[in-house]
Amino acid sequence: MDFAPYQDTAPESTRALSPPPRRSTSRSPNPRSPPTRGTTDPFLSSSLPAPSQFSDEPRGESRGFGNTDLEGGRSHINLFETSLPLRLDYEAMLAYLLLPPAGGVFLLLIEHKSDYVRFHAWQSSLVFTVMFIIHLIFSWSSVLSWILFVFDLALIAFLTFHAYQDANNLDRIELPFFGGLASSFVDAE
């Protein structure tokens, strides 16, 4: 055989074929492996406990294929549960009614269980902080200040109504820029 680095033909094409397997039932023992007695599966003969003993599920309940918990144990969490002793829709309304943006910041500090309430708290904090800055910029004109004030009241009423109404199915009313930003903050938490 030629083992030169630059060959015309591959060495595999010139090798001899392996002999066919023997059909003999007698097998010679492998000198490197320990002799086996009885079973060939070492896991069946060991005294390890069954894997189901370490599971958090009840003994009779089987999840089946495809029913695994991908969220790390969040399947038992109630989506309508809140940290405060208030209903979900009332808390979401408070994000807009409790002197915005301070009410939103308050709920962000207090509420840790409900993503729905946290979304409305983020959106309230972001929107009304920008509105506060706009009020400061246009404070020199009383006409513009009153127009902005009426717009603020209309926006608070609109967002409060939708936070209350959409709490039954956890839909979110997202304002054009601030809603997406609030959703990304809640999703990142």
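This is a dialogue between a student and a tutor about a predicted model of a protein chain.

Student: What makes up the chain, in helices and strands?

Tutor: The protein chain has 6 helices and 0 strands. From the N terminus on, the order is α-α-α-α-α-α.

Student: How many residues are there, and what share is buried?

Tutor: The chain has 189 residues, and 23% of them count as buried. Its accessible surface is about 14700 Å². Carbon and sulfur atoms hold 62% of that surface.

Student: What share of the contacts joins residues 24 or more positions apart?

Tutor: Take the contacts in the chain with a separation of 6 or more. Residues 24 or more positions apart account for 62% of those.

Student: Let's turn to pairs of helices. Why are H4 and H5 called roughly antiparallel?

Tutor: Start with the angle. The axes of H4, residues 115-137, and H5 cross at roughly 175 degrees. They come within 11 Å. An angle over 145 degrees counts as roughly antiparallel. The crossing angle is over that cut-off, so H4 is roughly antiparallel to H5.

Student: Which residues make the contact between them?

Tutor: From H4, they include Tyr-116, His-120, Val-127, Phe-128 and His-135. From H5, they include Ser-145, Leu-148, Phe-149, Asp-152 and His-162. By class, the contact has 12 nonpolar, 5 polar and 1 charged residues.

Student: What makes Asp-152 charged in that count?

Tutor: Asp is one of the residue types that count as charged, along with Glu, Lys and Arg. Asp-152 is on the H5 side of the contact.

Student: His-162 is in that contact too. How do you know whether His-162 is buried or exposed?

Tutor: Look at its relative accessible area, which is 17%. Buried means under 20%. The value is below the cut-off, so His-162 is buried. His-162 lies in helix H5.

Student: Which residues does His-162 touch, leaving out those up to four places away in sequence?

Tutor: It touches Tyr-116 and Ile-173. Tyr-116 is one of the H4 residues in the contact with H5.

Student: Trp-146 is also in H5, in residues 142-165. Why is Trp-146 called exposed?

Tutor: Its relative accessible area is 58%. Exposed means over 50%. The value passes the cut-off, so Trp-146 is exposed.

Student: Where is His-135 relative to Trp-146?

Tutor: Their C-alpha atoms are separated by 9.6 Å. Along the chain, the two residues are 11 residues apart.

Student: Now helix H3. What makes its buried residues lie on the same side?

Tutor: In H3, residues 102-110, the buried residues are Gly-103, Gly-104, Leu-107 and Leu-108. They cover an arc of only 140 degrees around the axis, which puts them on the same side of H3. Their cover includes helix H2 and H4.

Student: What about Leu-109, and why is Leu-109 called exposed?

Tutor: Leu-109 also lies in H3. Its relative accessible area is 61%. That is over 50%, so Leu-109 is exposed. From Leu-109 to Ala-121 is 9.7 Å, C-alpha to C-alpha, and 12 residues in sequence.

Student: Why is H2 called mostly covered?

Tutor: Count its residues. Of the 10 residues in H2, 7 are buried. They are Leu-88, Asp-89, Glu-91, Ala-92, Met-93, Ala-95 and Tyr-96. What covers them includes H3, H4 and H5.

Student: What stands out in the loop after H2?

Tutor: Leu-99 is in the loop between H2 and H3. Its phi is near 45 degrees, a positive value in a residue other than glycine.

Student: How do you know that Leu-99 is exposed?

Tutor: Leu-99 has 66% relative accessibility. The cut-off for exposed is over 50%, so Leu-99 counts as exposed.

Student: What kind of peptide bond runs from Pro-100 to Pro-101?

Tutor: It is cis, with omega near 0 degrees. Pro-101 sits in the loop between H2 and H3.

Student: Leu-170 has a positive phi as well, of about 60 degrees. Why is Leu-170 called partly exposed?

Tutor: Its relative accessibility is 25%. Buried needs under 20%, and exposed needs over 50%. The value falls in between, so Leu-170 counts as partly exposed. Leu-170 is in the loop between H5 and helix H6.

Key
Residues are numbered from 1 along each chain as its sequence is written. This is a predicted model: local features need pLDDT of at least 70, side-chain atom pairs count only at pLDDT 80 or more; totals for chains, interfaces and linings use all residues. Side-chain values use heavy atoms; hydrogens and water are left out. Helices (H or I, at least four residues) and strands (E, at least two) are DSSP runs, numbered from the N terminus. Buried means under 20% relative accessible area, exposed over 50%, partly exposed in between (1.4 Å probe, protein chains only). Contact means heavy atoms within 4.5 Å. Accessible areas come from the Shrake-Rupley method with a 1.4 Å probe; for residues, only the protein chains shown count as cover. Axes are lines fitted to C-alpha atoms, for helices over the stretch in contact, and angles run from 0 to 180 degrees between N-to-C directions. Angles under 35 degrees count as roughly parallel, over 145 as roughly antiparallel, 65 to 115 as roughly perpendicular and the rest as oblique. The arc is that of the directions from the helix axis to the C-beta atoms.
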